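Please open the model in a viewer and keep a selection tool at hand. The tour below proceeds stop by stop, naming what to select and then what is found there.

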Amino acid sequence: MTAKRVLISGAGVAGPACAFWLRERGFEVTVVERAPALREAGYKVDVRGAATEVLRRMGLLEAAQAADTGMRQITYVRGNGKPIAALPADLLMGRRGDDVEIMRWDLSRILHDATADGVEYVFGDAIAKIADGPEGVDVAFERGAPRRFDYVIGADGLHSATRRMVLGETPLSHLGAYISIFSTPNLLGIEREEVMYFRPGRLVFAYAMDPDQDARVGLAFAAPSPDLARGDVAAQKRLVREAFEGQGWKVDEFLAAMDDASDFYFDSMSQVELPSWSRGRVALLGDAAHCPAPASGQGTSLALVGAYLLGKHLGEPDGLAAYERTMRPYVEKNMAFGKKMAKDMVPGGRLAIAFRSYGMRTLKYHPRKEQVIDKILAPMHEAANAVEL
């Protein structure tokens with residue numbers, strides 16, 4: 001019997017993870033990626049709960065743990081740079097047990113290296129057209145020759161081209177904020193520390209693993225419009241500058257470094273909510289199917305779990321429906337958590353900031369601070385484990 005041929009669009013996290021499981025089942029897998037090589041830009045991501053079990057079943061949990069950021073402390077500062085409070089990072093971010101915090105490109109590299117033998121990777125190309133028919137899916141590429149596959153999987157992110165080709169334009173659910181992340185010189189000289197600074201309607205954060213390495217700076221701000229400067233990098237930088245100029249602390253220095261950053265990222269805090277994640281022989285995976293928004297901290301975990309379940313069921317008579325039946329309750333819990341965190345991430349006014357600062361300052365001395373944090377983050381832990389593998 002001829003092996004089933006599968007095309008996956010996207011070589012980030014979801015795509016290579018799904019390729020791993022499909023290869024294990026004997027599929028012939030091709031992964032196409034628009035970028036000329038694995039992307040080295042990005043930010044730190046969390047792998048929690050059920051997703052750590054997926055990495056364990058892949059035999060990759062130890063590799064991910066070895067690449068853990070090792071963040072030790074989160075510090076809240078005033079506009080003059082003086083600390084309000086400093087707390088252990090694992091405590092405040094709710095990492096427990098085998099949970100991992102890892103740079104996105106490190107996880108992508110681990111997954112790619114684990115699948116490079118037996119999976120065809122095509123960089124510098126992308127799907128141009130999909131025609132789903134009774135004998136398979138005919139795919140035209142932007143550069144390569146057309147090919148036929150038994151299945152196509154869109155793992156190409158929040159603004160998935162695969163989703164658009166199959167389902168048409170699907171509006172995103174905008175959560176009222178935008179975020180920009182980019183590299184800057186380590187102006188703070190921090191090491192395995194994240195520093196946070198709040199202003200009304202704005203959040204600034206910076207972190208670094210080594211004082212001699214670049215830091216990553218994040219700037220999040222409230223904005224009601226669901227489509228600000230999509231695809232126009234110069235306009236995006238103007239929006240960030242207008243939102244943050246003169247806000248105190250090191251913000252203007254970060255903005256001055258923004259234009260030289262080779263990894264500038266800007267996007268909306270948005271979710272993808274679809275009634276179905278497949279049509280015919282084409283399925284969606286990860287953010288392309290159900291982005292929970294960066295504020296949730298759960299996008300990577302959803303990608304890994306979804307890759308496991310789709311890789312497990314693809315090709316079965318009821319395979320795509322089984323993938324969705326198992327995955328959707330898990331997704332819905334994480335979507336709800338993402339909506340909550342998007343509201344909390346960007347404080348509304350000075351009173352909200354003062355209340356948060358007081359809470360952080362006093363939490364350090366609370367005799368049961370672990371229990372307090374666990375109670376606050378209980379919805380996250382519930383969401384991270386709300387699936388049977």
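Select helix 1, residues 14–24. The buried residues in this helix are A14, G15, P16, A17, C18, A19, F20, W21 and L22. Since nine of its 11 residues are buried, helix 1 is largely enclosed by the rest of the structure. The model is a predicted one, and the selections that follow should be read accordingly. Continue past the end of helix 1 to G26, which follows the helix and has a positive phi, near 95°.

Next, go back to strand 1, residues 5–9, and pick S9. Is S9 buried or exposed? With a relative accessible area of 9%, S9 is buried, because the cut-off for that class is under 20%. Display the surroundings of S9, leaving aside neighbours within four places in sequence: the residues in contact with S9 are V32, I127, I153, G154, A155, D156 and T162.

One of these contacts, I127, leads to the next stop. Select strand 8, residues 127–133, together with strand 10, residues 147–149, and add strand 9, residues 136–141. These three strands form an open sheet in the order 8-9-10, with antiparallel pairing. Strand 8 and strand 10 are the edge strands, each pairing on one side only. On average, neighbouring strands of this sheet are turned by 25° against each other, direction ignored.

The connections within this sheet can be followed in sequence. Strand 8 and strand 9 make a hairpin with two residues between them, and six bridges join this antiparallel pair. I127 is placed opposite F141 of strand 9. Strand 9 then forms a hairpin with strand 10, with five residues between the two. Here the antiparallel pair is joined by three bridges. Label V139 and its bridge partner in strand 10, R147; then label V137, whose partner in strand 10 is F149.

Now turn to another sheet. Strands of a sheet pair through backbone hydrogen bonds, either parallel or antiparallel. Which order do the strands of the seven-stranded sheet take? The sheet is open, its order is 5-4-13-14-15-12-16, and its pairing is mixed. Strand 5, residues 83–88, and strand 16 stand at the edges with a single partner strand each, so one side of each has no neighbour in the sheet. Neighbouring strands are turned by 20° against each other on average, direction ignored.

At the strand 5 end of the order, add helix 12, residues 350–363. This helix lies across strand 4 (73–77), strand 5 and strand 13 (193–199), and runs at about 55° to strand 5.

At the other end of the order, select strand 16, residues 265–271, with strand 12, residues 173–184. The two strands pair in the antiparallel sense over six bridges. Two of the partners to label are Y265, the bridge partner of I181, and D267, the bridge partner of I179. Although strand 16 is an edge strand, it is mostly covered, with six of its seven residues buried.

Strand 16 also leads to a pocket. Rolling a probe the size of a water molecule over the atoms shows where empty space is left. Display the second largest pocket, which has a volume of about 330 Å³. Of the 18 residues lining this pocket, H159, T170, L172, D227 and R230 are the closest to its centre. Helix 6 (161–167) and strand 16 are the elements that give two or more residues to the lining. Strand 16 provides the largest share, three residues. Colour the lining by class: six residues are nonpolar, six polar and six charged.

The last two stops are loop residues with positive phi values. First, select W249 in the loop between helix 7 (233–244) and helix 8 (251–258). W249 has a phi of about 55°, although it is not a glycine. W249 is also buried, at a relative accessible area of 15%. Then move to A293, in the loop between helix 9 (287–290) and helix 10 (299–313). The phi of A293 is near 85°, again positive in a residue other than glycine. What is the relative accessibility of A293? The value is 3%, so A293 counts as buried.

Terms used. Residues are numbered from 1 along each chain as its sequence is written. This is a predicted model: local features need pLDDT of at least 70, side-chain atom pairs count only at pLDDT 80 or more; totals for chains, interfaces and linings use all residues. Side-chain values use heavy atoms; hydrogens and water are left out. Helices (H or I, at least four residues) and strands (E, at least two) are DSSP runs, numbered from the N terminus. Buried means under 20% relative accessible area, exposed over 50%, partly exposed in between (1.4 Å probe, protein chains only). Contact means heavy atoms within 4.5 Å. On a 1 Å grid over the protein atoms alone, a cavity is a set of points where a 1.4 Å probe fits but cannot get out, and a pocket is an open set with protein on both sides within 12 Å along at least five of seven lines; lining residues have an atom within 4 Å of a point. Grid points are joined across faces, edges and corners, and a volume is the space filled by probe spheres set on the points. Ala, Val, Leu, Ile, Met, Phe, Trp, Tyr, Cys and Pro count as nonpolar, Asp, Glu, Lys and Arg as charged, and the others, Gly among them, as polar. Two strands pair if DSSP finds at least two bridges between them. Axes are lines fitted to C-alpha atoms, for helices over the stretch in contact, and angles run from 0 to 180 degrees between N-to-C directions.
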